[in-house]
Amino acid sequence: METEGEQLCEAARNGDVAKAKALIESGADAGAPWNALSPSNQSAGDFAMDSGHQEAYEALLNAGIQAELILGTIARKTKKNGDFEGDYLEDRVTFSEDKLMDSDSKAVMMAWEKPLMEAHAKAVCSGGGNVLNVGFGMGLVDTAIQQYDPATHTIIEAHPEVYARMLRTGWDKKDNVKIIFGRWQDVLSQLESYDGIFFDTYGEYYEDLREFHQHLPKLLKPGGIYSFFNGLCGGNAFFHVVYCHLVSLELENLGYSTQLIPLPVKDCLGEEVWHGVSQKYWQLDTYYLPVCQSIEESE
């Protein structure tokens, strides 16, 4: 005999709204997690979003945010590209004209990100002064930051091969550049306070981003701008929305407002872009660029 939960699932599959409502009112619980995926890799939130069911979408969105605030079941367990940071820092990386890859053919950074990095640089350099970037990679954002001629430009890079390449290409010879080699967690004592900060590390958990945010009150000057590479759950539209809301809430609790600026990226991401890359870390049509500043300053 079917349980009430199984009957509820069956009613939902058949579109029997009256039976589904009656079962829910009688206490039936299907027990489905908010982030369960169909065989086509879509969640209930994706279906609600695509079908324009706003009430269901908002209920699922709130359920996702609450679940992640309390339990943290997606990005806190899965890093940007699935690697452990320690493994990445000991790993060999390869540079080409359009990408930086690890030994598993996973992309650390790719050239398609250049317009995004230029937009991030514009945001964090909007106040001039002293700028900090955490994670050099291919140097896309740092090259863009240099166009704004900041008073000082501090770069933290943890990977030894990337750091060596920075030296070979003369980044240490630039008058306003200070390179700090090491994990950001290990070099906090060497940091000052900055007018603009950008954060984009590879092979870290969402928890590491959250930990970095705890240091913003000391690192970011009053009136300063903070931004980060917003690749959170970049393979699923609904999960991405949940994490955009989540990180905005957590930054709000620290005293920062977050504006998410939509940037279309669909035209940048033809199949040829991913040739030779084992994992597409971004599959959405729109990138939401975060611009964060003190709530007091933004009012």
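**Pocket lining.** I started with what α4 gives to the largest pocket: six residues, the largest share of the lining. The model is a predicted one, and I read everything below with that in mind. Next I looked up which helices take part. At least two lining residues each come from α1 (4-14), α2 (17-25), α3 (44-51) and α4 (54-70). The space inside comes to about 1200 Å³. I counted 31 residues in the lining, and those closest to the centre of the pocket are A12, I24, A44, A56 and L60. I then sorted the lining by class and got 20 nonpolar, six polar and five charged residues.

**Helix α3.** Since α3 helps to line the pocket, I checked which of its residues are buried. They are G45, D46 and A48. Looking down the axis of α3, I see these buried residues within an arc of 165°, so they line one face of the helix. I asked myself what covers the buried residues of α3. The cover includes α4 and α11. One backbone note: G52, just after α3, has a positive phi of about 75°.

**Helix α9.** Then I moved on to α9, residues 206-214, and pulled out its buried residues: Y206, D208, L209, F212 and H213. Which side of α9 are they on? They sit on the same side, because the arc they cover around the axis is only 160°. I listed what these buried residues pack against: the strands β4 (130-134), β7 (194-199) and β8 (220-228), plus the helices α10 (216-219) and α11 (237-253).

**Aromatic pairs.** I searched for ring pairs and found 13 in the structure. I opened Y163 and F181, a stacked pair with 4.6 Å centre to centre and 25° between the planes. This pair links distant parts of the chain, with Y163 in helix α8 (residues 160-168) and F181 in strand β6 (residues 177-181), 18 residues apart. Are these two rings buried or partly exposed? Y163 counts as partly exposed at 24% relative accessibility. F181 is partly exposed too, with a relative accessible area of 41%.

The next pair I opened was F199 with F212, which is tilted: 4.5 Å centre to centre and 35° between the planes. Here too distant parts of the chain are linked, F199 being in strand β7 and F212 in helix α9, 13 residues apart. Both F199 and F212 are buried. That fits with my α9 entry, where F212 is on the list of buried residues and β7 is among the elements they pack against. I followed the rings onward from there and got a cluster: ring pairs join F199 and F212 with W184, Y226 and F228.

**G234.** My last stop was the loop between β8 and α11, where G234 lies. I wanted to know whether G234 is buried or exposed. G234 counts as buried because its relative accessible area is 4%, and the cut-off for buried is under 20%. Then I looked up what G234 touches beyond four places away in sequence, and noted Y281, W282, Q283 and L284. I also took one distance, from G234 to K280: the two are 46 residues apart in sequence, and their C-alpha atoms are 8.7 Å apart in space.

Definitions and conventions: Residues numbered from 1 in each chain as written. Predicted model: local features only at pLDDT ≥ 70, side-chain atom pairs only at ≥ 80, totals over all residues. Heavy atoms only, no water. 1 Å grid on protein atoms, 1.4 Å probe; cavity = no way out; pocket = protein on both sides within 12 Å on 5 of 7 lines; lining within 4 Å. Points joined across faces, edges and corners; volume = space filled by probe spheres on them. Helix = DSSP H or I, 4+ residues; strand = E, 2+ residues; numbered from the N terminus. Nonpolar A, V, L, I, M, F, W, Y, C, P; charged D, E, K, R; others polar. Buried < 20%, exposed > 50% of the residue type's maximum accessible area, 1.4 Å probe, protein only. Arc of directions from axis to C-beta. Contact = heavy atoms within 4.5 Å. Phe/Tyr/Trp six-rings, centres within 6.5 Å; stacked < 30°, edge-to-face > 60°.
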